[in-house]
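Good morning, colleagues. Please have the sequence and the coordinates open, as I shall refer to individual residues throughout.

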Amino acid sequence: MCEFELISQFTEDVFAAEDRVCERPVCRARIAKGDPCFYVGTVDPGKPGRYVCGPCHSHYLTMPATSVRPTGRSVPQPQLSHTFPDPRTIRQTVNAAQRKSTVNPPPVIAFGRGIRPPSMTHSTGPDIAIPSSWGQPSRSSGSGYSVNHAQYGTKRERWSKLSYALPPMETITLDISAVHEVGARRKGHWVAIGVCKKDVDARIDAPGLMDIAFDTILPKILTFSAGFPWRIEEFVVRDAVWVDLSTHKASVPYFISQCMVPSKKGSKAPTFKTKQFALMLVVPEAQWNEYEEWVEKAEEIRQVTARQVQVQHRVETTENVSTVLQSASASTQNLTSSSAFESTKRSHRNNLSTTTTSSSPPHKKLAVAPPKALFSSPDRSDLKEALRSGGSATNFDVAQVLGTYTENVHFYGIPTRPLADILKNLNYRSFKVEPAQVIIGQLTVNSSTRSMLGAGGFKTAHPGWLSLTPLVKSGLGSVPGQNVAVKRPFHKVFPSASSLMYKIGRFSSIDEIAKLGKEANILYWAHSLLQLTYAFIDHCIASSEEPPPFDIPRVRFVDAGLAISYSQRDSKPTKAGSKTGSSCVGYLVEELIEGGPDVFMKFIHNMDSNPLLDHDDYGYEVASFFSFTQHVQYVKTGGLAFISDYQGSTELLTDPQILTDPSVGQGKDLFGKGNMECTVSMFEKQHKCNEFCEWPGFGLVPFATTTEDESTEETEAGEAGCREDGPIAS
């Protein structure tokens, strides 16, 4: 045993009563039963101590804050020859020291270390030194520190920093703007591009001022002139007197000398006075001329396009008028030849009308007088029905107006990346929300039930309008107020166990955004796999000597993105323990498929590898092509994955599902609940090759053929297994 042991609050045996682990975080060694085991108290008396092994105990003995007591041998105590002082003498001395009239007060007698009253001496027992960290009052020869001294080091460091801290920083204000050169010493003002930046360190040097100017103004220039290729390396930062800051030395304050003014009290030392200075980010004259030419060309192109649209509109209007005139002329001839009596009366009326109005000049805008059929009275029955329908106040959809709301959103577009890039770059393996790629915008949603586009098994779809700032170059968000489909996940809420009707319930923000992230990731992979399929098709057709005897349908998945709306909560917590911050709502925003339910159809579902449509149904050829794409994807991925749940129109697809082989997931949840792994396992037995698969140019080898009865039995068995695994995606 060691001669010394650490002091604990209780008397403990220094040997382990059972196998245990050393509680020192960096050790964690095993302490066998019967081996030395020591207790170490912590600095904080409110925390429990630790049981440590022998080497860690030796480590703690060498630490300065560790207090020990003798256990093996007694330490001889020095004989004290001091006597306890008289309390009366102490009182007289203190009173004399406190009198103002006393010039030379007697010295104050204090107790020395080791002096104690006779009544407090111990005749037996060891002397114990109490650790100062325990904060207990010392009755023996302790150091005298209490728990109040535990934070001495921290307090000392804090007050030292305050004592040696620099005075408050001297600041200036910068008025930064963008200008362009007009001549050697002349500047032309741009449109309102300027920022006033306050609280800038007055001792900042020229490179620091240039960085502030570029960081503040350059993004505004790029936003204002989106599309023009600026050469930013040629931009120059100048001050109010047209001095180029790049010629000034670094580490030398630029404006500090102009802020020092003479003191009003006559002191020679100058006084700092904050001021406002102007900085200009200057665009060279050559670049500005190029920009103006670029703007003029863009305006010319816009005007030419507008003229073409107007001409086309006029041509269509002229054709429509000609058609109406021809039909009206034919009607007039029929009416004229129908009755001789009516013909005589109309002839007489025409003569009177001609005689009366012959003196007035003809109307200049009417090149050809329209026949009277254009000015005939409306049909009374049609007008009556129109008034009855249009004058009803119930036609005004109040629910649609009240159900429409607008959200400020952060929009994250779903990119389309080649599969080769996804395999090479680990950051491309899944769709991620990148803060650097966020676009601010507004999303208007019509949440009324009447206007709902549809509700599947997992999501609801409502019409909406998306406006991004700035607009993207192409795709979703390229035009303001773009028509979109806004989708949100939901769960069914049944009022009772026997009720068949249900209400739409929404998930919490965390669960909702997590589900939308999965849907966005499925679209992300579907874009990539379909792109791989068309790359294979184009390569085979280009390499073949003869073109295929059929047309290749060209389809794509909708452009989409994840929109997150943040709404500020109340600044005060409403309940104990609640936190302030911002709540959010997620939306999956997709390109709207025009035509609505009339053009929407499901071609292949996720539990079969063959078309859902019959041979004589509209869209069967496209469904057969999608079955062929599954064959291609299955072969090119080595039987690991393909796209299913093909649905939408014959041009745009939405809500796909990625199916993977069981060896990929290994029991994990990949690509949501709609990933029916059994469909991939049964693909070679279920898939029936069609004319696309059998064209020799694609080089696809058909799978082992089965009879129709065997195929039906295997399909039903596979579907039964899939139903046991999970739900069908919709």
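Helix α4 covers residues 206-224, and at 1.5 Å a residue its 19 residues should span 27 Å; the end C-alpha atoms are indeed 27 Å apart, so the two values agree. The expected span is taken as 1.5 Å times one less than the number of residues. Helices here are DSSP runs of H or I with at least four residues, strands are runs of E with at least two, and both are numbered from the N terminus.

Before going further, I should state that this is a predicted model, in which local features need pLDDT of at least 70 and side-chain atom pairs count only at pLDDT 80 or more, while totals for chains, interfaces and linings use all residues. Residues are numbered from 1 along each chain as its sequence is written, and side-chain values use heavy atoms, leaving out hydrogens and water.

To return to α4, a kink of about 30° lies at I217, shortly before the proline P219. The bend at a residue is the angle between axes fitted to the seven residues ending there and the seven starting there. At the N-terminal end, α4 is capped by D205, with a side-chain oxygen 3.1 Å from the backbone nitrogen of G208. Several residues of α4 are buried, including L209, I212, F214 and I217. Buried means under 20% relative accessible area, exposed means over 50%, and partly exposed lies in between, with a 1.4 Å probe and protein chains only.

Let me widen the view to the whole chain. The secondary structure comes to 17 helices and 27 strands. Of the 730 residues, 31% count as buried. Among contacts between residues at least 6 apart in sequence, 63% join residues at least 24 apart; a contact means heavy atoms within 4.5 Å.

Next, the interior. Which residues have the most contacts inside the largest nonpolar core? They are F603, F626, F628 and F698, in a core of 47 residues. Such a core is a set of buried Ala, Val, Leu, Ile, Met, Phe, Trp, Tyr and Cys residues joined through side-chain atoms within 4.5 Å. At least two residues of this core come from each of α10 (419-424), α11 (509-543), β21 (560-568), β22 (582-591), α12 (620-636) and α16 (691-694). The most is given by α11, with 13 residues. Setting aside residues up to four places away in sequence, F628 touches I537, N690, F692, C693, F698 and L700. Apart from this core lies another, of 32 residues, among them A213, V237, Y254 and F255.

Helix α12 deserves a closer look. Its 17 residues reach 24 Å from first C-alpha to last, close to the 24 Å expected at 1.5 Å a residue. Because 13 of those 17 residues are buried, α12 is largely enclosed by the rest of the structure. G638 follows α12 and has a positive phi, near 70°.

A further buried site is S649, in the loop between β25 (647-648) and β26 (652-653). Its relative accessibility is 10%, and therefore S649 counts as buried. Not counting residues up to four places away in sequence, S649 touches I593, V599 and F603.

I turn now to backbone geometry. The peptide bond from T469 to P470 is cis, with omega near 0°, and P470 sits in the loop between β16 (459-469) and β17 (482-489). Two residues other than glycine have a positive phi: D199, at about 55°, and W242, near 70°. Are they buried or exposed? D199, in strand β8 (residues 187-201), is exposed, with a relative accessible area of 61%. W242, in the loop between β9 (236-239) and α5 (256-259), counts as buried at 8% relative accessibility.

One pairing distant in sequence concerns E181, in strand β7 (residues 171-181). E181 and V283 are 102 residues apart in sequence, yet 6.3 Å apart in space, C-alpha to C-alpha. The side chain of E181 also reaches the backbone nitrogen of E285 at 3.3 Å.

Finally, the cysteines. How many disulfides does a search of the whole structure find? The search finds 0, with a disulfide defined as a pair of cysteine sulfur atoms within 2.5 Å. C259 is buried, at a relative accessible area of 0%, and C540 counts as buried at 8%.

Terms used: Polar contact = N/O pair within 3.5 Å; in protein donor to acceptor, adjacent residues only side chain to side chain.
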